[in-house]
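Dear colleague,

I am passing on to you the structure that we spoke about, together with some notes on what was found in it. Please keep it open beside this message as you read.

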Amino acid sequence: MRNAADIVPNWTGASKAEEPLADAIDAILPQTQCTRCGYEACRPYAQAIARGDAALNRCPPGGSAGIRALAELTGLPPLPLDPACGVEQPRRLAVVDEARCIGCTICIQKCPVDAIVGAPKQMHTVIASLCTGCELCVAPCPVDCIDLVAASDADSDWTAAQREASRSRFERRNARLAREAVRRLSHRDDAAVASTGDAPADRLAVVRAAVGRARARRAARKAAARGTGEPGDFAERAG
Ligand code: SF4
Ligand code: SF4
Ligand code: SF4
């Protein structure tokens, strides 16, 4: 049976020898998981750099300071941020126009770091301190009620602690989604078995063997009862 470990993202883009470097690169990346670098999260981008397959200058949230830190770590020359990936800008946060929110929950499903709270058919809210400004919730909102706004002075920094917390939330979310996918798959398998009436061959064999043993016991009791003139058991007396 499949388990969560088979489904949880397991980016193995770097060889074992490259993983320590990928770890060090990943520790520098901002962990917004915004995908602007062209990779599906920070970790696969780190692995691509470690393999020598990606340039250092593809992370707009990390900006020029991030590129410098990556250059120092790898010994590669720093490059200007690749404009194809976006522009460097101060921290921004998602804000929901609560009056227009229809509670569809799509934004919750899209947020890579679980920064949105809400329930079906109820208004949703972004937890500012957790929001990475990745924008992944904005386009999917069917009523266009999420905006990115400049963070206040108090929220303008994206600290190392927030970066690490964001990575943890991203990993926990991936693990949770994997568990849910496994549950769905196993329910689907059960439903398929029930709908076709098919039981796995080994389960059928066990059932048949048990029925056979019960018949043999009943036949033995009947034979013994005939020999002694005694009734076999209550069920047979009653029958
Ligand atoms: S913060 Fe965004 S652009 Fe930077 S590495 Fe992570 S996913 Fe890529
Ligand atoms: S609330 Fe939106 S912008 Fe903020 S982290 Fe979640 S998906 Fe990204
Ligand atoms: S996607 Fe938009 S409408 Fe749907 S719950 Fe989120 S904010 Fe509300």
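The shell around ligand 1 is made up of 11 nonpolar residues, four polar ones and one that is charged. Of the 16 residues that surround this ligand, the nearest are Cys34, Arg36, Cys37, Cys42 and Cys59. Please bear in mind throughout that this is a predicted model, and that what follows was computed from it.

The other two ligands can be described in the same terms. Around ligand 2 there are 14 residues, of which Ala94, Cys111, Cys131, Cys134 and Cys137 are the closest, and by class this shell holds 10 nonpolar, two polar and two charged residues. Ligand 3 is surrounded by 14 residues, with Cys101, Cys104, Cys107, His124 and Cys141 coming nearest, and its shell has 10 nonpolar and four polar residues but no charged ones.

As for the protein as a whole, it has eight helices and four strands, which follow one another from the N terminus in the order α-α-α-α-β-α-β-β-β-α-α-α. Of its 239 residues, 23% count as buried. If one takes the contacts between residues at least 6 apart in sequence, 64% of them join residues at least 24 apart.

The largest nonpolar core has 30 residues, and those that touch the most other members are Ile25, Leu29, Tyr45, Ala46, Ile49 and Cys137. Helix 2, helix 3, helix 4 and strand 1 (92-96) are the elements that give two or more residues to this core, and helix 3 gives the most, with six residues. Cys137, named here among the core residues with the most contacts to other members, is also one of the closest residues to ligand 2. For Ala46, the contacts beyond four places in sequence are with Ala22, Ile25, Asp26 and Leu29.

Two of the helices that contribute to this core deserve a separate description. In helix 2, the buried residues are Ala22, Ile25, Asp26 and Ile28, and because they fall within an arc of 150° when seen down the helix axis, they line one face of the helix. These buried residues of helix 2 pack against helix 3 and helix 4.

Helix 4, which covers residues 63-74, has 12 residues and reaches 17 Å from its first C-alpha to its last, close to the 16 Å expected at 1.5 Å a residue. Its buried residues are Gly66, Ile67 and Leu70, and since these fall within an arc of 100° down the axis of helix 4, they too line one face. In general, an α-helix has 3.6 residues a turn, so residues three or four places apart point the same way. The face of helix 4 turned away from its buried side carries the exposed residues Ala65 and Glu72, whereas what covers its buried residues includes helix 2 (19-28) and helix 3 (42-51). Just after helix 4 comes Gly75, which takes a positive phi of about 80°.

The loop between helix 3 and helix 4 contains Asn57. Is Asn57 buried or exposed? Asn57 counts as buried, because 22 other C-beta atoms lie within 10 Å, and the cut-off for a buried residue is 20 or more. Apart from its neighbours within four places in sequence, Asn57 is in contact with Ile67, Leu79, Pro80, Leu81 and Asp82; of these, Ile67 is one of the buried residues of helix 4. Asn57 and Arg68 stand 11 residues apart in sequence, and their C-alpha atoms are 9.2 Å apart in space.

Finally, two threonines may be worth a look for their backbone angles. Most residues other than glycine have a negative phi. Thr35, however, which is found in the loop between helix 2 and helix 3, has a positive phi of about 75° although it is not a glycine. Thr35 is partly exposed, with 17 other C-beta atoms within 10 Å. Thr105, which lies in the loop between strand 1 and helix 5 (106-110), likewise has a positive phi, near 75°, and it counts as partly exposed, with 15 C-beta neighbours inside 10 Å.

With best wishes

Technical notes
Residues are numbered from 1 along each chain as its sequence is written. Chains are lettered from A and ligands numbered from 1 in the order in which they are written. This is a predicted model: local features need pLDDT of at least 70, side-chain atom pairs count only at pLDDT 80 or more; totals for chains, interfaces and linings use all residues. A residue is near a molecule or strand if its C-beta atom, placed from the backbone, lies within 6 Å of it. Ala, Val, Leu, Ile, Met, Phe, Trp, Tyr, Cys and Pro count as nonpolar, Asp, Glu, Lys and Arg as charged, and the others, Gly among them, as polar. The expected span of a helix is 1.5 Å times one less than its number of residues. A residue is buried if 20 or more other C-beta atoms lie within 10 Å of its own, exposed if 12 or fewer, and partly exposed in between; C-beta atoms are placed from the backbone. The arc is that of the directions from the helix axis to the C-beta atoms. Two residues are in contact if their C-beta atoms, placed from the backbone, lie within 7 Å. A nonpolar core is a set of buried Ala, Val, Leu, Ile, Met, Phe, Trp, Tyr and Cys residues joined through C-beta atoms within 7 Å.
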